[in-house]
Amino acid sequence: MKNYDVALRELLAGMTLERTAHRVTLAQAYGCKLAQDVVANYDTPQFDNSAMDGYALCDFSGGRNEFKIVERIMAGDDVNFSLQEGEAARIFTGAKTPGNTTTVVMQEITKVEGDQLYLTEDCPKGQNIRYCGEEIKKGDILFHAGHVLDPAAIALLASQGVWEVEVYHDLRVTIFSTGNELKEPWEEISGSEIYDANRYQLLAWVSSLAKAKDGGILKDQYDAVLTALSGAAKENDLIILSGGASVGEADFVAKAITELGELHMWKLAIKPGKPFGWGRIGQCHIIMLPGNPVSAYATFYLLAYPAIKALMGLSPQLPQLMATINFGSDRIQPRREFLRGNYYQDERGEYFVDNVGLQGSAMLSGLSYANCLIEMKENQATAKGSRVRIYPLPKEVAKA
């Protein structure tokens, strides 16, 4: 059986993809990945401006506390004059400072009588002025190719007069389930049939990262599987199948993939999730997951999830923490086990974790209450109070 760390490393090494690009507006760009560098069109700030409401002063000698107010400047006003020594201008946040401004004094430390301004506190030179180009110079690289556009990045691009960007096309993924025993949730089932849970959990998983297409249920018919996979491979970057990774029950799936491309079948030294397969049909990657729902969940998160991120050019590293377990196990088994668990922090910020629910590979209920997978190392017992690695699970916030 293949060690989990070795399997993940080998899988990620094979996750290469030449992606095409297109232009989108900023309104469409959230979450997209830049396909080329973006440079600054302008200095930021584009001109010297006031950082607050107050008064622009001209005091070359320093130490003056009385000024004559000669102008009032609002943000957006065209400012084409210069102050003279001892002059001041009422100014508001974001307004362009006039020539010869040596400092901007905030209004809270001033007193005004007619057109005379008096300072109630000293204000050193250069205060409260945003100088032209102090943040960004024209021609600077704002973002390199590969940067994922979040709200802050989009705001910065808009501030530079950028309204369209070149981004990579979304990753195209189709998800199939396999097996004659599977039925859709709206169908009637007999005593030997089950509802398909895997395809729906995988559609939800993948939709958090990329575009996910529902391929439906592939029945145990070789020609139908061959036709479906051949067509899907031409339209997708990745195909994910569940229920097709165990030797024997999925020979027809493995045979079809091998006929169309290449396939690596592994027996992983992990629990749940022993069977796993991956390969290619042309330029389209293939990932085959176990049929047991928890095994499909665990192998997706531990292997397929990082693989999808790698195909997207993102870091495949899963979030990990070290926590103290509130239970113990004297079992010594040859496979690394990933238990469903709940972790929390105490008042000192230390992490602790409990296991939750029934841990069978077909028992989904425990996953509903879990917020992490607990890594129990192979070939060793793990006593209560031991420090273990946990993998926090992404939990999406409900949409309004």
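Is Q201 buried or exposed? Q201 is buried, with a relative accessible area of 14%. Welcome to these close-up views, which all come from a predicted model.

**View 1. Q201 and its contacts in helix α3.** Let us stay with the residue from the opening question. Q201 belongs to helix α3. The cut-off for calling a residue buried is under 20% relative accessible area, so the 14% of Q201 places it in the buried class. If we set aside residues up to four places away in sequence, Q201 touches P293, A296 and Y297.

**View 2. Helix α3 and what surrounds it.** Now step back from one residue to the whole helix, which covers residues 198–207. How many of the ten residues of α3 are buried? Seven of them are, so α3 is largely enclosed by the rest of the structure. Those buried residues are N198, R199, Q201, L202, L203, W205 and V206. What do they pack against? Their partners are the strands β13 (172–178), β16 (211–218), β17 (238–242) and β21 (284–289), together with helix α6.

**View 3. L209, in the loop after helix α3.** Look for L209 in the loop between α3 and β16. L209 has 19% relative accessibility and therefore counts as buried. Along the chain, L209 and K309 are 100 residues apart, yet their C-alpha atoms are 7.7 Å apart in space. Leaving out residues up to four places away in sequence, L209 touches Y305, I308, K309 and M312.

**View 4. Two helices side by side, α1 and α6.** Two packed helices are described by the angle between their axes and the distance between the axes. Here the axes of α1 and α6 (residues 293–311) come within 10 Å and cross at roughly 25°. An angle under 35 degrees counts as roughly parallel, and α1 and α6 are therefore roughly parallel to each other. Their crossing is right-handed. Which residues meet between the two helices? From α1 come Y4, A7, L8, L11 and L12, and they meet L302, L303, P306, A307 and A310 of α6.

**View 5. An aromatic pair, Y4 with F338.** The model has twelve aromatic pairs by the rule used here. One of them joins Y4 and F338 in an edge-to-face arrangement, with 5.6 Å from centre to centre and 70° between the planes. This pair links distant parts of the chain: Y4 sits in helix α1 (residues 4–13) and F338 in strand β23 (residues 336–345), 334 residues apart. Both Y4 and F338 are buried.

**View 6. A tilted pair, Y343 with Y351.** The ring centres of Y343 and Y351 lie 6.0 Å apart and their planes are at 55°, so this pair is tilted. Are these two residues buried or partly exposed? Y343 has 24% relative accessibility and counts as partly exposed. Y351, at 22%, also counts as partly exposed.

**View 7. F352 in strand β24.** F352 is found in strand β24 (residues 351–355). With 19% relative accessibility, F352 counts as buried. A323 is 29 residues away from F352 along the chain, and their C-alpha atoms are separated by 4.9 Å. Apart from neighbours within four places in sequence, F352 is in contact with A323, T324, N326, N342, Y343, Y344 and D346.

**View 8. E337 in strand β23.** Strand β23 also holds E337. How does its accessibility classify E337, as buried or exposed? At 6% relative accessibility, E337 counts as buried. Once neighbours within four places in sequence are left aside, E337 is in contact with K271, R331, I374, E375 and M376. K234 makes an interesting companion: E337 and K234 are 103 residues apart in sequence and 37 Å apart in space, C-alpha to C-alpha.

**View 9. A ring cluster and two charges over rings.** Ring pairs link W205, Y297, F300, Y301 and Y305 into a cluster. Elsewhere in this view, look for arginines placed over tyrosine rings. The charged end of R90 sits over the ring of Y55, at 5.0 Å from the ring centre. For R199, the charged end sits over the ring of Y200, at 4.9 Å from the ring centre.

Definitions and conventions: Residues are numbered from 1 along each chain as its sequence is written. This is a predicted model: local features need pLDDT of at least 70, side-chain atom pairs count only at pLDDT 80 or more; totals for chains, interfaces and linings use all residues. Side-chain values use heavy atoms; hydrogens and water are left out. Rings of Phe, Tyr and Trp (its six-membered ring) pair if their centres lie within 6.5 Å; planes under 30 degrees apart count as stacked, over 60 as edge-to-face and the rest as tilted. Helices (H or I, at least four residues) and strands (E, at least two) are DSSP runs, numbered from the N terminus. Buried means under 20% relative accessible area, exposed over 50%, partly exposed in between (1.4 Å probe, protein chains only). A charge sits over a ring if NZ of Lys or CZ of Arg is within 6 Å of the ring centre and within 35 degrees of the ring normal. Axes are lines fitted to C-alpha atoms, for helices over the stretch in contact, and angles run from 0 to 180 degrees between N-to-C directions. Angles under 35 degrees count as roughly parallel, over 145 as roughly antiparallel, 65 to 115 as roughly perpendicular and the rest as oblique. A crossing is left-handed if the near helix is turned anticlockwise from the far one by less than a right angle, and right-handed if clockwise. Contact means heavy atoms within 4.5 Å.
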